Number of protein chains: 2
Amino acid sequence: MHMNQTFKNIDETKQKRILNAAIKEFAENGYEQASTNKIIKDAGIGKGMLFHYFNNKKDLYEYLVDYALNITNTEYLQRIDIDESDFIERLKQIARIKAEFHDNNPDVKNFIGTVVLNDDVELPDDLETRLSDFQKTGYALLYKKIDKSLVRDDVDVEKAFRLIRWAIEGYQNELMQQFQGEKIAHIDLQPYWDEFYEYLDVLKTTFYKEDRT
Amino acid sequence: MHMNQTFKNIDETKQKRILNAAIKEFAENGYEQASTNKIIKDAGIGKGMLFHYFNNKKDLYEYLVDYALNITNTEYLQRIDIDESDFIERLKQIARIKAEFHDNNPDVKNFIGTVVLNDDVELPDDLETRLSDFQKTGYALLYKKIDKSLVRDDVDVEKAFRLIRWAIEGYQNELMQQFQGEKIAHIDLQPYWDEFYEYLDVLKTTFYKEDRT
DNA sequence: ACACAATCGACCATCATGGTCAATACATAT
DNA sequence: ATATGTATTGACCATGATGGTCGATTGTGT
């Protein structure tokens with residue numbers, strides 16, 4: 001978590017280049033297997049600089065966890081509008097935020113994922129607690145102030161919500177897998193959003209009360 | 001793919017021990033990062049034997065792909081009853097087969113998954129074709145001879161099926177994640193099967209035509 | 001021209017890797 | 001018992017990657 005002050009003073013795009021390179025490497029290989037050599041090559045800096053900014057690998061790692069948590073909070077969690085009480089609409093909204101976040105910070109979500117799973121590296125206590133807080137918050141933002149009355153009466157509401165969530169995540173995962181490798185910037189995403197909305201409509205027809213307009 | 005004949009002659013449980021150890025290591029770390037040292041330690045054999053049975057790492061890998069494909073075909077794909085025409089019931093059936101398969105051959109599914117994803121190692125042509133055939137077959141067994149008339153008329157059948165599939169996979173993934181680490185043999189799975197069936201019932205109520213009994 | 005910070009990459013000790021092979025342990029047959 | 005042949009081991013090797021250091025070079029501001 002402790003970096004040299006000089007790091008904060010350098011060009012911001014360079015900072016991002018380094019952070020993104022490091023996050024990508026850690027996300028793909030975990031702490032132990034991640035290579036500082038690959039990071040500096042990817043970031044386009046000399047070896048000396050990395051260990052000048054951050055004393056050692058572990059400090060870099062902890063700084064990244066802190067950074068990733070911060071950025072995820074401000075650019076993801078806080079953008080979720082908790083006043084959208086329709087569950088499916090909220091998931092739609094979250095999907096857009098998630099996509100935008102992924103555009104601006106690829107690998108950050110993956111990185112946090114690997115950090116959460118990783119047993120074999122122990123973080124400082126404060127980071128550890130922030131991590132678990134983060135998970136709870138994410139869960140809460142999904143379900144808080146949701147209008148349960150939209151769901152048809154003949155099914156269990158909790159089960160319905162989870163099924164809806166899983167179905168949507170399944171769609172997203174399949175898309176992600178499909179796009180793997182291709183530069184996402186070069187794809188016209190609109191047709192996929194359209195298709196996504198069609199799926200959401202199906203979910204509404206099936207899980208929500210009959211529309212009596 | 002080419003192993004020393006002696007391998008086939010040794011004790012069958014020992015064969016399995018070696019194969020499972022190797023599959024686990026490759027599944028968790030991919031081809032390059034997988035360590036033959038860890039494999040022999042896990043299998044409880046000396047270094048010499050591994051390279052006596054299989055000439056080198058790559059031969060071992062190819063033998064494993066062949067083995068995994070065979071076992072998955074005979075113990076998984078071929079067990080699926082294609083005459084169950086109710087989509088959700090077929091998925092239920094597949095879930096049971098999948099669980100049993102996972103019990104007998106942990107890591108095999110993961111292993112094949114990593115093999116499919118891996119670009120940076122090229123298999124012999126025949127294995128490559130068997131791999132893609134395998135994927136097609138798996139897809140076909142899901143949808144062949146399915147009765148589309150069960151789905152309510154006001155939603156797109158294809159979309160409905162995919163949503164159902166994703167929802168169910170989501171449930172299974174969440175369970176898997178939850179069980180991670182704990183020896184699955186020491187858990188009483190029945191309550192989870194019961195819960196699973198409840199979810200299936202919800203899916204039937206929501207996606208199928210109204211039950212007019 | 002000077003001071004000082006930023007930056008680089010050759011270099012280091014260490015370690016894990018895939019693979020080898022001389023040496024054993026073991027079994028079987030005579 | 002002895003001899004023969006096979007199954008098995010693990011110390012050993014060259015190689016390459018690792019995290020980290022540091023003297024040298026470049027750049028900047030005065």
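**Exercise 1. How do the residues of the surface near DNA strand C divide into nonpolar, polar and charged?**

Solution. Before starting, keep in mind that this is a predicted model.

- Step 1: find the neighbours. DNA strand C is surrounded by 19 residues, and the closest are Gly46(A), Gly48(A), Ser35(B), Gly48(B) and Lys57(B).
- Step 2: see where they sit. Two or more residues each come from α1 (5–9) and α4 of chain A, and from α3 (36–43) and α4 of chain B. The most generous element is α4(A), which gives four residues.
- Step 3: sort them by class. You get five nonpolar, 10 polar and four charged residues.

**Exercise 2. Now do the other strand: which element gives the most to the surface near DNA strand D?**

Solution.

- Step 1: look at the residues around DNA strand D. There are 18, and Ser35(A), Gly48(A), Lys57(A), Gly46(B) and Gly48(B) come nearest.
- Step 2: list the elements supplying at least two residues each. These are α3 (36–43) and α4 (47–53) of chain A, together with α4 (47–53) of chain B.
- Step 3: pick the top contributor. That's α4(B), with four residues.
- Step 4: check the classes as well. Here the split is five nonpolar, nine polar and four charged.

**Exercise 3. Find out what the UniProt record marks on chain A, and describe those stretches in the model.**

Solution.

- Step 1: take the annotation "domain: HTH tetR-type". The unreviewed UniProt entry has it covering residues 12–72 of chain A. In the model, that stretch is 87% helix and 0% strand, with its end C-alpha atoms 18 Å apart.
- Step 2: take the feature "DNA-binding region". The UniProt entry, again unreviewed, places this one at residues 35–54 of chain A. Over those residues the chain is 75% helix and 0% strand, and the end C-alpha atoms are 15 Å apart.

**Exercise 4. Zoom out and sketch chain A as a whole.**

Solution.

- Step 1: count the elements. Chain A has 10 helices and zero strands, so to speak in symbols, it reads α-α-α-α-α-α-α-α-α-α along the sequence.
- Step 2: put a box around it. Along the principal axes, the C-alpha atoms of chain A fill roughly 70 × 40 × 30 Å.
- Step 3: ask what is hidden. Of the 213 residues in chain A, 23% are buried.
- Step 4: look at how the chain meets itself. Take the contacts between residues at least 6 apart in sequence: 74% of them join residues at least 24 apart.
- Step 5: split the chain. Domain 1 of chain A runs over 1–146 and domain 2 over 148–213, and their C-alpha centres lie 26 Å apart. Where the two touch, domain 1 puts in seven residues and domain 2 puts in 11. On the domain 1 side there are five nonpolar, no polar and two charged residues.

**Exercise 5. What rotation superposes chain B on chain A, and how many residues does each chain bring to the contact?**

Solution.

- Step 1: recall the general idea. Two copies of a chain are related by a rotation about an axis and a shift along it.
- Step 2: read off the values. Chain B lands on chain A after a rotation of 180° with 0.0 Å of shift along the axis, at an RMSD of 0.1 Å. The two copies are therefore related as by a two-fold rotation axis. In chain B, Ala167(B) has the C-alpha nearest that axis, 2.1 Å away. Both copies use the same surface, since 100% of the contact residues of chain B recur in chain A.
- Step 3: turn to the contact. It takes 19 residues from chain B and 19 residues from chain A. On the chain B side, α9 (157–179) and α10 (190–207) each supply at least two residues. The largest share, eight residues, comes from α9(B). By class, the chain B side has 10 nonpolar, four polar and five charged residues.

**Exercise 6. Is Ile164(B) buried or exposed?**

Solution.

- Step 1: locate Ile164(B). You'll find it in helix α9 of chain B.
- Step 2: count its surroundings. There are 24 other C-beta atoms within 10 Å, so Ile164(B) is buried; the cut-off for that is 20 or more.
- Step 3: name its partners. Leaving out residues up to four places away in sequence, Ile164(B) touches Phe87(B), Ile88(B), Leu203(B) and Phe207(B).
- Step 4: add a distance. Ile164(B) and Leu200(B) are 36 residues apart along the chain, and their C-alpha atoms are separated by 9.0 Å.

Note on methods: Residues are numbered from 1 along each chain as its sequence is written. Chains are lettered from A and ligands numbered from 1 in the order in which they are written. This is a predicted model: local features need pLDDT of at least 70, side-chain atom pairs count only at pLDDT 80 or more; totals for chains, interfaces and linings use all residues. Ala, Val, Leu, Ile, Met, Phe, Trp, Tyr, Cys and Pro count as nonpolar, Asp, Glu, Lys and Arg as charged, and the others, Gly among them, as polar. A residue is near a molecule or strand if its C-beta atom, placed from the backbone, lies within 6 Å of it. UniProt positions are given in the numbering used here, feature names are shortened, and annotations may be inferred rather than shown by experiment. Copies are superposed by least squares on the C-alpha atoms of residues with pLDDT of at least 70 in both. Domain bounds come from an automatic or database domain assignment. A residue is buried if 20 or more other C-beta atoms lie within 10 Å of its own, exposed if 12 or fewer, and partly exposed in between; C-beta atoms are placed from the backbone.
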